[in-house]
Amino acid sequence: MGVDLRQVVAGILTLTMFVMLGNMIKRDHFDSITEKLPGDVQDVAKVAEEGLRTIAKLSKGPWLEDGEQLKPYEIEESRGYVTFSLTNGPEYHVSQIADAVVVARVLRATLVVPDIRGSKPGDERKFEDVYDVNKFIRSLDGVVKVVKELPEEISFRNLAVVKVPNRVTEDHIIENIQPIFKAKGNIRLATYFPSVNMRKSTEKSNADLVACLAMFGTLELQPDVNEVVDSMVERLRTLSRKSDGRFIAVDLRVDLLDNKGCHEGNGRKSCYGAHEIAVFLRKIGYDKDTTIYLTQSRWDSSLSVLKDIFPKTYTKENIMPADKKEKFLDSADSEFEKVIDFYLCSQSDAFVPAISGLFYANVAGKRIASGKNQILIPADISGSSASATDFISPYVLKKNHMAHSCFC
């Protein structure tokens, strides 16, 4: 009697799944960068600092070399339908995709390609308007079955809506989602984020491996959007000739700063304004010729203090090709702007999150996956100078980001 390898693998995966880490980190605060690091992490910092000094001599600034690109673990193989929507921007999309794929995998359901919904009612886009849909489907081959649309005979009105916590576990799926799926046959997922939880689990499970593939191997920008990002990156590198083409991306958005108010919590700040970022970058060694990209879409007068110290500070309106602005910048929908920011911040030579939260966490994940480890967490510096290595994200130094469990 023949043995179906796929059934064997599926059985092993199902039997060996563990519960993910339940204790989630607090939302809206940066990881602590002041606690003492264990010995092996201190060694990492020492090596990084030595490399930093070498590069600084060559390029007038505390630039780090990218790490080697990490190689992904291999993940093998995949009755009703699972539907969902992508919402709130690309930093949420990667997490929503991961949760949906894990749910569909555990349920052995067919996943329907999601649509994309903006913050305003009726603001909807097709998945292929932003992402490469064929790449998405191909990347999940053997993991879950994916179709572009729900069959006509199934009505959206008859779908049972199921709330799913980010980083959903197999236990949660079996206990809370599977009974509804069995009763209704088809479900619609609504992911919610009780906290920002991108730390790697203490126990590596096969559900984690499926989530890893979904987060880092499925989403690729469709050609038109990717062309805009590439052209903006190239423009920034051209403007950065005095620093060997290197530039910094700073996630600094005035509207979010105003909403958050940069209040302190537990002795730490959750966001930093333009003046604080300017002083921070200057004190850790970046000079006036450093090129800086801000995620703020259009110039705001409050940013002038940053430009006074770093004249080569730009927003999208300064560097986006003129023939692309009508579609990607001047439309009422801000979805494209968010996507451009997310992928540009993932590609910059250094990334500084002036605002904590999921954008920082998921950009950090993409950067770690591609070896771009220069993620600098801003802080108030009392002296006249400091070492940039003292402010590298704990996601990098402690290797505690989920991405580190996805690559080896």
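These notes cover a disulfide, a bent helix and three buried residues in a predicted model.

1. The disulfide. The whole structure holds 1 disulfide. The bond runs from Cys-212 to Cys-406, with the sulfurs 1.8 Å apart. The angle about the S-S bond is -70°, and the link is left-handed. Cys-212 sits in helix α7 (residues 206–217) and Cys-406 in helix α17 (residues 402–406), so the bond ties together parts that lie 194 residues apart in sequence. Both cysteines are buried.

2. Another cysteine, Cys-345. What is its relative accessible area? The value is 0%. Cys-345 is therefore buried, given that the cut-off is under 20%.

3. Helix α6, length. This helix covers residues 170–184. Its 15 residues, at 1.5 Å a residue, should span 21 Å. The end C-alpha atoms are 19 Å apart, which agrees with that expectation.

4. Helix α6, bend. Where does α6 bend? The bend is at Ile-177 and comes to about 45°. A proline, Pro-179, follows within four residues. Ile-177 is also one of the buried residues of the helix. The others are Glu-170, Ile-173 and Phe-181. Just after the helix, Gly-185 takes a positive phi of about 90°.

5. Asp-251, setting. This residue is in strand β9, which covers residues 247–251. Is Asp-251 buried or exposed? Its relative accessibility is 1%, so Asp-251 counts as buried.

6. Asp-251, partners. The side chain of Asp-251 makes a polar contact of 2.8 Å with the side chain of Thr-295. Neighbours within four places in sequence aside, Asp-251 is in contact with Thr-295 and Phe-359. Its contacts also include Phe-351, Val-352, Pro-353, Ala-354 and Ile-355. For a reader following the side chain, Thr-295 thus appears both in the contact list and in the polar contact.

7. Gly-365, setting. Gly-365 belongs to helix α15 (residues 358–369). Its relative accessibility is 0%, and for that reason Gly-365 counts as buried.

8. Gly-365, partners. Which residues does Gly-365 contact, leaving aside neighbours within four places in sequence? They are Phe-216, His-401 and Ala-403. Phe-216 falls within the residue range of α7, the helix that holds Cys-212. Met-402 is 37 residues from Gly-365 in sequence, yet their C-alpha atoms are 7.2 Å apart in space. Met-402 is also where the residue range of α17 begins, the helix that holds Cys-406.

Terms used. Residues numbered from 1 in each chain as written. Predicted model: local features only at pLDDT ≥ 70, side-chain atom pairs only at ≥ 80, totals over all residues. Heavy atoms only, no water. Helix = DSSP H or I, 4+ residues; strand = E, 2+ residues; numbered from the N terminus. Buried < 20%, exposed > 50% of the residue type's maximum accessible area, 1.4 Å probe, protein only. Polar contact = N/O pair within 3.5 Å; in protein donor to acceptor, adjacent residues only side chain to side chain. Contact = heavy atoms within 4.5 Å. Disulfide = S-S within 2.5 Å. Expected span 1.5 Å × (residues − 1). Bend = angle between axes of the 7 residues up to and from the residue.
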